Amino acid sequence: MRFSVGDSVRVKLDDPPYHTRVPRYVRGRRGVVTEYQGDYPLPDTVVLTKGADRTTQPLYGVCFPAEELWGTGQLTTDGPFEVSVDLWESYLEPLDARL
Amino acid sequence: MRINDVGGLQGFGPVEVGEPEEQFHYEWEARVFALVRTLLRSMGVTLDEFRDAIERMPPAEYLNSSYYERWLAGLCTLLTERGLVRPEELT
Amino acid sequence: MTGEHHDSDSATAARVKRVEAAVIAAGLTTEAELDALLEVVATKASPRNGARVVARAWVDRSFAEAVLADANAAIEELGLSMEAGPQVRLKAVANSESVHNVVVCTLCSCYPVGLLGPPPTWYKEPAYRSRVVREPRAVLAQFGTHLPPQTEIRVWDSSAETRYLVIPRRPEGSDGLDEDELAGSVTRNGLIGTGIL
């Protein structure tokens with residue numbers, strides 16, 4: 001298992017031409033791992049192999065502050081908020097992975 | 001990025017809070033529900049593949065479809081791609 | 001949304017009849033099988049289940065802790081479960097004075113159907129899905145839910161295998177109510193987080 005609760009991560013920028021479960025609004029964004037949810041088959045692979053490959057990998061809850069997603073303007077109009085997204089391990093990289 | 005991936009997109013207008021509550025607004029929606037439930041199982045199709053089929057709807061069609069119309073489109077895509085039914089039988 | 005589809009409904013209904021005929025002719029199913037699926041006794045899934053979980057969490061502190069730690073296990077104490085197929089993972093998130101939770105599935109319409117029954121139409125449509133992760137306070141206001149400016153909103157995008165249940169705050173002045181009455185005060189929108197209760 002690559003990540004632990006409390007780790008800072010960045011969502012990979014990869015935007016594949018196939019089914020994936022990364023919402024566009026978190027691509028490239030920095031978040032904090034808040035939960036390890038268990039191991040589940042990666043949907044991208046399940047669809048690419050028509051259900052044949054259901055190898056599991058860790059799934060995490062990752063929390064993003066509003067300003068990380070939308071800039072600071074949103075805070076003044078909407079008050080403080082954060083968005084938690086559930087993301088598979090291969091969607092994530094450690095925060096300092098890229099310079 | 002596919003058309004179903006709408007988080008953060010603008011311009012959809014207000015949430016229609018007062019929509020009718022029942023699961024099926026029309027009889028055909030219940031038939032679509034039954035068709036999808038039954039056929040996904042008999043075709044051996046995963047939920048992920050069903051979602052993928054819906055996501056591949058042309059964007060304009062996706063945005064102009066109601067929820068069960070999207071189910072119907074996804075189902076028909078799967079049926080024709082797997083050669084189970086000819087496209088002209090599903091129009 | 002439904003109003004806009006009036007003209008297309010009879011066309012869609014006719015198309016569905018043709019689709020049904022085609023798959024039956026192809027031997028993929030039978031009319032009896034389809035009818036039987038629709039006639040199956042309604043599942044026990046409904047927002048009343050979620051309301052019972054909330055009421056028990058309000059009156060029983062150890063249950064409240066248990067449901068936050070492992071919701072799937074805790075709801076079994078009430079004879080409840082996430083029906084249909086392998087256990088779907090449930091996570092309960094509690095509102096507090098400083099945090100208000102609200103749930104969405106921006107990518108499609110994932111929802112704790114096994115416990116609560118089907119989601120409302122608005123939950124499955126792009127207007128809610130697009131906006132609640134970007135302007136949650138404005139969306140909540142549309143539901144008549146107005147939070148103090150300092151309350152933090154936590155939006156849960158059910159993008160994977162976990163389904164979320166919001167535990168609203170117990171209303172003030174409810175000390176005299178028993179568990180059933182408390183459950184009766186919890187609404188489906190409160191369990192999604194668009195409502196306060």
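I'm counting two residues as in contact if their C-beta atoms, placed from the backbone, lie within 7 Å. Note to self: this is a predicted model.

**Entry 1: α1(B) against chain C**

With that cut-off I went to α1(B) and α2(C). On the chain B side I found B:A30, B:A34, B:L35, B:R37 and B:T38, and facing them C:E33, C:L34, C:L37 and C:L38. By class, this contact holds six nonpolar residues, one polar and two charged.

Then the geometry. Helix α1 of chain B covers residues 27-43, and its axis lies 9 Å from that of α2(C), at an angle of about 110°. I wrote the pair down as roughly perpendicular, because angles of 65 to 115 degrees get that label.

**Entry 2: the whole C–B interface**

Next I stepped back to the full interface. How many residues of each chain are in contact here? I get 40 from chain C and 42 from chain B. On the chain C side, the elements giving two or more residues are α1 (6-25), α2 (31-39), α7 (126-131) and α8 (136-142). The largest share is from α1(C), with ten residues. I also sorted the chain C side by class: 22 nonpolar, eight polar and ten charged.

**Entry 3: chain B overall**

I wanted the fold of chain B before going further in. Chain B has four helices and zero strands, so to speak an α-α-α-α pattern along the sequence. Its C-alpha atoms fill a box of roughly 40 × 30 × 25 Å along the principal axes. Chain B runs to 91 residues, and 38% of them count as buried. I also looked at contacts between residues at least 6 apart in sequence: 57% of these in chain B join residues at least 24 apart.

**Entry 4: α4(B) and its partners**

Helix α4 of chain B, residues 67-81, packs with α1(B) at an angle of about 35°, the axes 10 Å apart. I have the crossing down as left-handed. From α1(B) the contact takes B:E29, B:V32, B:F33, B:L35, B:V36, B:L39 and B:M43, and from α4(B) it takes B:Y68, B:W71, B:L72, B:L75 and B:L78. The tally is eleven nonpolar, no polar and one charged. B:L35 caught my eye: in this list it meets α4(B), and it also belongs to the group that meets α2(C).

The other partner I checked was α2(B), residues 47-55. Its axis comes within 8 Å of that of α4(B), and the two cross at roughly 105°. That makes α2(B) roughly perpendicular to α4(B). Which residues make this contact? I listed B:F50, B:A53 and B:I54 from α2(B), with B:R70, B:A73, B:G74, B:T77 and B:L78 from α4(B). The classes come out as five nonpolar, two polar and one charged. B:L78 is in this set and also in the contact with α1(B).

**Entry 5: β3(C)**

Last stop, a strand. Is β3 of chain C, residues 152-157, mostly covered or mostly open? Mostly covered: five of its six residues are buried. I then traced its pairing. Strand β2 of chain C (residues 99-104) runs parallel to β3(C) over six bridges. Strand β4 of chain A (residues 81-88) is joined to β3(C) by five bridges, and that pairing is parallel too. C:D157 turns up in both: C:V104 stands opposite C:D157, and A:V85 has C:D157 as its bridge partner.

Technical notes
Residues are numbered from 1 along each chain as its sequence is written. Chains are lettered from A and ligands numbered from 1 in the order in which they are written. This is a predicted model: local features need pLDDT of at least 70, side-chain atom pairs count only at pLDDT 80 or more; totals for chains, interfaces and linings use all residues. Ala, Val, Leu, Ile, Met, Phe, Trp, Tyr, Cys and Pro count as nonpolar, Asp, Glu, Lys and Arg as charged, and the others, Gly among them, as polar. Axes are lines fitted to C-alpha atoms, for helices over the stretch in contact, and angles run from 0 to 180 degrees between N-to-C directions. Angles under 35 degrees count as roughly parallel, over 145 as roughly antiparallel, 65 to 115 as roughly perpendicular and the rest as oblique. A crossing is left-handed if the near helix is turned anticlockwise from the far one by less than a right angle, and right-handed if clockwise. A residue is buried if 20 or more other C-beta atoms lie within 10 Å of its own, exposed if 12 or fewer, and partly exposed in between; C-beta atoms are placed from the backbone. Two strands pair if DSSP finds at least two bridges between them.
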